[in-house]
Structures are given as C-alpha cells and as structure tokens.
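Visitor: Hi, I'm new to this one. Can you walk me through it?
Guide: Sure, let's put it up and take your questions as they come.

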Amino acid sequence: QLSMKLHLAAGLAALAITNPVNAQGTLHLGGKATLANNAVIQAVLETGAINVVKDDPTECKDPSLGGAFITYGPNIKPVLLICMKNAETYAELADTIRHEAYHAVSWCRGGSLFTWEKNIELAHPYDIGMVYKYYEPKQWNDELEARSAARYLTDSDIAEQVNKYCM
C-alpha cells in the first residue's frame, strides 16, 4: 500500500479549494476538533476561490451525507460542504474533508488526473464497489480518484495540492 500511496502522491503532484467558512463550531465528537484547525480547510480558505459551508441545515439533513463539492456554473464560486454533525469520528470527518477537497482540486485542475483504468489499478476494492453501487457511470472516475486520494494521502498532501492548483 505504501507504493500505491507513493504512486498516487507522485501523480497527484498535480491537484484544489477555498473561501468563507464559519469554522468556530466544535465537532460533536468530543468537542476538541474544529474546521479552524484543519490544514485542508485552511488551504481551501486561503485560495479565495471556493466557499466552505459547515452543517447547512438543509443540505446536511440526510445523516448519511458527510459532505459534497457543489458547482453552480461559470462565475459562481463552488461550495465545499462539510456536514460535521453527521460524522461519527474525527477520522471519518477528516476522510470526508480530504475527499471533498480533492474534488475541489480536480475542479481547479480542470478534471481528473488519472484515467479510469489507472484509477481502478490504484483503488482499494471496497472503494470500487462503493463507486459502482452509489454513483452514475459518468461520476465513477472522479469519485474513485477522490476516494483513493482521501484514503492514501494525508491532510498535508491534499493541502499542498489545493495550494498548487487553486491559488
């Protein structure tokens, strides 16, 4: 798995997010974590290109939703949505942040870094099954790449990609 991480990290030396967030609320998982101390969120905010929204009462109503990267069209900032209240653990929250931030990086880059074949080669079998089960075929490549990035890259790795592609 280390070689997979190195391969993915090397290929990802090309990845994005940022802007307004109310990062003062504490995570409902023990009260210590906030979005304010997450390196990925800070990188996104510093770009100024992406809005960050936490615990939107309408969007986060579904308890199975951890987050989303939402684009609205040209000349409108996309939104990185994080549903902190739906996370059961800090690890789950951190994984969601990395995953959604990777979508932002892909958006900043203009698309996925790898082909479907390469993403299948790099991906964990569980992630492949989840992508097939829950997403439309046109979303498979982007979702699988974001799942692999969240699984194999650190917060620092993703923050670096945000800085590289979204600044």
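Visitor: How much of the protein chain do buried residues make up?
Guide: Buried residues come to 46% of the 167 residues in the protein chain. Buried means under 20% relative accessible area, exposed means over 50%, and partly exposed is in between, using a 1.4 Å probe and protein chains only.

Visitor: Anything I should know about the model before we go on?
Guide: This is a predicted model, where local features need pLDDT of at least 70 and side-chain atom pairs count only at pLDDT 80 or more, while totals for chains, interfaces and linings use all residues. Residues are numbered from 1 along each chain as its sequence is written, and side-chain values use heavy atoms, with hydrogens and water left out.

Visitor: Okay, how many helices and strands are there?
Guide: The protein chain has 7 helices and 3 strands. Those are DSSP runs, numbered from the N terminus: helices are H or I with at least four residues, strands are E with at least two. Going along the sequence, the order is α-α-β-β-β-α-α-α-α-α.

Visitor: And how many disulfides does the structure hold?
Guide: There are 2 of them, a disulfide being a pair of cysteine sulfur atoms within 2.5 Å. Counting bonded cysteines along the chain, the pattern is 1-2, 3-4.

Visitor: Which residue is joined to Cys60?
Guide: Cys60 is joined to Cys83, with an S to S distance of 2.1 Å. Cys60 sits in the loop between β1 (51–54) and β2 (67–70), and Cys83 in the loop between β3 (79–82) and α3 (90–109), so the disulfide ties together parts that are 23 residues apart in sequence.

Visitor: Are those two cysteines buried or exposed?
Guide: Cys60 and Cys83 are both buried.

Visitor: Is their disulfide left-handed or right-handed, and why?
Guide: It's left-handed, because the torsion about the S-S bond of Cys60 and Cys83 is about -80 degrees.

Visitor: What about Cys108 and Cys166, how far apart are their sulfur atoms?
Guide: The sulfur atoms of Cys108 and Cys166 are 2.0 Å apart, and the two form a disulfide. Cys108 is in helix α3 and Cys166 in helix α7 (residues 155–166), so this pair links distant parts of the chain, 58 residues apart.

Visitor: Which hand does that one have?
Guide: Here the S-S torsion is about 115 degrees, so the disulfide of Cys108 and Cys166 is right-handed. As for burial, Cys108 is partly exposed at 24% relative accessible area, while Cys166 is buried at 6%.

Visitor: You mentioned α3 and α7. At what angle do their axes cross?
Guide: The axes of α3 and α7 cross at roughly 20 degrees and come within 9 Å. Axes are lines fitted to C-alpha atoms, for helices over the stretch in contact, and angles run from 0 to 180 degrees between N-to-C directions. That angle makes α3 roughly parallel to α7. The cut-offs are under 35 degrees for roughly parallel, over 145 for roughly antiparallel, 65 to 115 for roughly perpendicular, and oblique for the rest.

Visitor: Which hand is the crossing of α3 and α7?
Guide: It's left-handed. The rule is that the near helix is turned anticlockwise from the far one by less than a right angle for left-handed, and clockwise for right-handed.

Visitor: Which residues of α3 and α7 meet?
Guide: Among them are Ala101, Val105 and Cys108 in α3, with Ile158, Val162 and Cys166 in α7. Contact means heavy atoms within 4.5 Å.

Visitor: Now α6. How do α3 and α6 cross?
Guide: The axes of α3 and helix α6 (residues 140–152) come within 8 Å and cross at roughly 130 degrees. α3 and α6 are therefore oblique to each other, and their crossing is right-handed.

Visitor: Where does Ser148 lie?
Guide: Ser148 lies in helix α6, and this serine is buried at 0% relative accessible area. Ser148 and Ala123 are 25 residues apart in sequence, and 5.6 Å apart in space, C-alpha to C-alpha.

Visitor: Last topic, backbone angles. What is phi of Asp55 near?
Guide: Phi of Asp55 is near 50 degrees, a positive value in a residue other than glycine. Asp55 is in the loop between β1 and β2 and counts as buried at 18% relative accessibility.

Visitor: And what is the phi of Asn75?
Guide: Asn75 has a positive phi of about 65 degrees, although it is not a glycine. Asn75 is in the loop between β2 and β3 and is exposed, with a relative accessible area of 85%.
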